[in-house]
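Reader: I would like a close look at one part of this model, the strands and what packs around them. Please take it step by step and keep to the geometry.

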Amino acid sequence: YNGVVQHCFQCGGAPEHRGVAGVLEAYRNVFKSGLTMSAPTVITDVIRTAAQRAEMAQQNAMRTGGQCYTVLLIVTDGAVSDVQATAKCLEEVSGAPLSIVIVGVGNADFSSMRFLDDLQAPGKRDIAQFVEFNKHSHSSASLASETLNEIPNQLTGYFQSKGIRPLPAI
């Protein structure tokens, strides 16, 4: 905004939005505000912020006998500018109750981002899934399957690593 580069900012007037319609409305409102999108593509601030919020949400849920797990969806039209910093960030936040789905849209060269998928350091959880939209744009079922594929194992892996048993079925 106004020549100041920010890699993490609130999208829309509220911190959270409900459903696809709410997310799309928030996205549209950001562009009405005068935001100019530009390179570089840096997602480490967003990942760290999401991990902090996921940790707080899980702690709050546990205080009231609940459980909470967060899924962060990142849609990008460019490959991350610093792949090593992104990999290090993913390793740092791998203990959070968080899964990250990164969808690459457009014709950018996403080859440097493919390794973020299934990136797992010893003793750390794999929390990221990278999906190239163009490879699945022919089928919404294929896109949904690929983007959601790893989340069940990531979720159960988190709770098992913390010794947290599932709550009874509702």
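Author: In this predicted model, a convenient place to start is isoleucine 100, whose bridge partner in β3 is alanine 128. The pairing of β2 with β3 runs in the parallel sense and covers five bridges.

These strands belong to an open sheet of three strands, ordered β1-β2-β3, with parallel pairing. At the edges stand β1 and β3, each with a single partner strand, so one side of each has no neighbour in the sheet. From one strand to the next the twist averages 15°.

A helix also lies against this sheet: α4, residues 140-148, packs on it and touches β2 and β3. The direction of α4 makes about 155° with that of β3.

Strand β3 takes part in an aromatic pair as well. Phenylalanine 130 pairs with phenylalanine 110, at 5.7 Å centre to centre and 50° between the planes, which makes the pair tilted. Phenylalanine 130 sits in strand β3 (128-132), while phenylalanine 110 is in the loop between β2 (98-104) and β3, so that the pair links parts of the chain 20 residues apart. Both phenylalanine 110 and phenylalanine 130 are buried.

By the same ring criterion, the count of aromatic pairs comes to four. Another of them joins tyrosine 69 and tyrosine 158: the ring centres are 6.1 Å apart and the planes are at 55°, so this pair is tilted. Tyrosine 69 lies in the loop between α2 (44-63) and β1 (70-76), and tyrosine 158 lies in helix α5 (residues 151-161), 89 residues apart. Tyrosine 69 and tyrosine 158 are both buried. Together with Phe159, Tyr69 and Tyr158 form one aromatic cluster.

The loop that holds tyrosine 69 begins after α2, which leads to the helix packing. Helix α2 packs with helix α3 (residues 83-92) at an angle of about 5°, and their axes are 10 Å apart. Angles under 35 degrees count as roughly parallel, and α2 and α3 are therefore roughly parallel to each other. On the α2 side the contact involves Thr44, Ile47 and Arg48, which meet Ala85, Thr86, Cys89, Leu90 and Glu92 of α3. By type, the residues of this contact divide into four nonpolar, two polar and two charged.

Terms used
Residues numbered from 1 in each chain as written. Predicted model: local features only at pLDDT ≥ 70, side-chain atom pairs only at ≥ 80, totals over all residues. Heavy atoms only, no water. Phe/Tyr/Trp six-rings, centres within 6.5 Å; stacked < 30°, edge-to-face > 60°. Helix = DSSP H or I, 4+ residues; strand = E, 2+ residues; numbered from the N terminus. Buried < 20%, exposed > 50% of the residue type's maximum accessible area, 1.4 Å probe, protein only. Axes fitted to C-alpha atoms, helices over the stretch in contact; angles between N-to-C directions. Parallel < 35°, antiparallel > 145°, perpendicular 65-115°, else oblique. Contact = heavy atoms within 4.5 Å. Nonpolar A, V, L, I, M, F, W, Y, C, P; charged D, E, K, R; others polar. Pairing = 2+ DSSP bridges.
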